[in-house]
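Please look at the chain shown here, with attention to its ligand, its domains and the helices that meet between them.

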Amino acid sequence: DPARLSPQPVSPAHSQPLRTALTSVLTHARSLTDGEVASYIPELARQDPEQLGIALASVRGTIHAWGDSEAEFTIQSISKPFTFALALDALGLAAVTEHVGLEPSGEPFNAISLEETSGRPLNPMINAGAIVTTSLIAGDDDAEKFAVVRDGLSAFAGRRLDVDEDVYLSELDTGDRNRALAYLAQAAGTLASSAEVATRAYFRQCSLRVNARDLAMMAATLAGGGINPLTRERVVSEDVARWTIAVMTSCGMYDASGDWLVRVGLPAKSGVGGGIVALQPDQFGVGTFSPRLDARGNSVRGVGMLEQLSKEFGLHML
Ligand code: DON
């Protein structure tokens, strides 16, 4: 019911230590000026590089938000774990892993990644694996598949998400490498739809607009075992939430995943729109937004904020 998915008010930060810590996190992040706004999707190059926001959502539904937490940007690769969760929930782990693996690739997000014997992309967090995941979503064409993805991601966020048509068209126009990845998977027999259907649905999925608060809610839904903390809707099963968090832990930050696990120690996923989600199981989700990216496609200030938060609050899982 879309009416239920209306925006929720942002609660003020009541806790003084949290407010003080977050102010210092934002101030420190503002001093980080490395990195470049993504430009291989031309429309993304138009983003304001200075934007900076962060939001925290507890599994009980409390939200704290700072900076440009309402500024919208495209979800990009952060859609991948959530679409993976939807595919797992619909088909089960065994069926999904016939098409896509669960192993870190140690390679960039756009790598040509297909296991030699099985023809499966290494994992669902890199583009090749994400396109295969989207092909597994129910629907006879890209419009039907995308409708399922959009409803599912909206349920994770607790509000209706819309597509940024300009970013979609820009990616459709320049996404030959993704098309090639889809055709390779199709040739290997691991794609569950035609390559064109899968890539068009995937491009739309990546072009969904979110803000830092949406990301925090989406992550909190996974952290809470698949139940959205505000709408109380069960979006995916507890097992699916756990499997998804596991894959974020091993593969979410691409070829920086090992380094991230040592330094931050939270399951996370980044996107070239400048967002990052991170979460602590049973506790909370975080969403950060800042468009300048490092060489691996992870937001420089987002990484900086999550590193500092993890240190300050002892959030490392180990
Ligand atoms: O397919 C692409 O290249 C983009 N739609 C998404 C890539 C992405 O976000 C990688 N993340 N850091």
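In what follows, Ala, Val, Leu, Ile, Met, Phe, Trp, Tyr, Cys and Pro count as nonpolar, Asp, Glu, Lys and Arg as charged, and the others, Gly among them, as polar. This is a predicted model, in which local features need pLDDT of at least 70 and side-chain atom pairs count only at pLDDT 80 or more, while totals for chains, interfaces and linings use all residues. Residues are numbered from 1 along each chain as its sequence is written.

The domain assignment, whose bounds come from an automatic or database source, gives domain 1 (2-74 + 209-313) and domain 2 (77-206), and their centres, taken over C-alpha atoms, are separated by 21 Å. Where residues are in contact (C-beta atoms, placed from the backbone, within 7 Å), 44 residues of domain 1 meet 38 residues of domain 2. To the side of domain 1 that touches domain 2, α10 gives the most, with eight residues; helices here are DSSP runs (H or I, at least four residues), numbered from the N terminus.

The shell around the ligand draws at least three residues from each domain, and among its members are Gln76, Asn110, Glu171 and Gly297. The two sets of residues divide by class as follows.

| Set | Nonpolar | Polar | Charged |
|---|---|---|---|
| Shell around the ligand | three residues | eight residues | one residue |
| Side of domain 1 that touches domain 2 | 22 residues | 15 residues | seven residues |

Helix α2 (residues 79-91) and α10 have axes, which are lines fitted to C-alpha atoms over the stretch in contact, with angles running from 0 to 180 degrees between N-to-C directions, that come within 9 Å and cross at roughly 140 degrees. Their contact includes Phe84 and Leu88 of α2 and Trp243 and Val247 of α10.

How values were computed:
A residue is near a molecule or strand if its C-beta atom, placed from the backbone, lies within 6 Å of it. Two residues are in contact if their C-beta atoms, placed from the backbone, lie within 7 Å. Helices (H or I, at least four residues) and strands (E, at least two) are DSSP runs, numbered from the N terminus.
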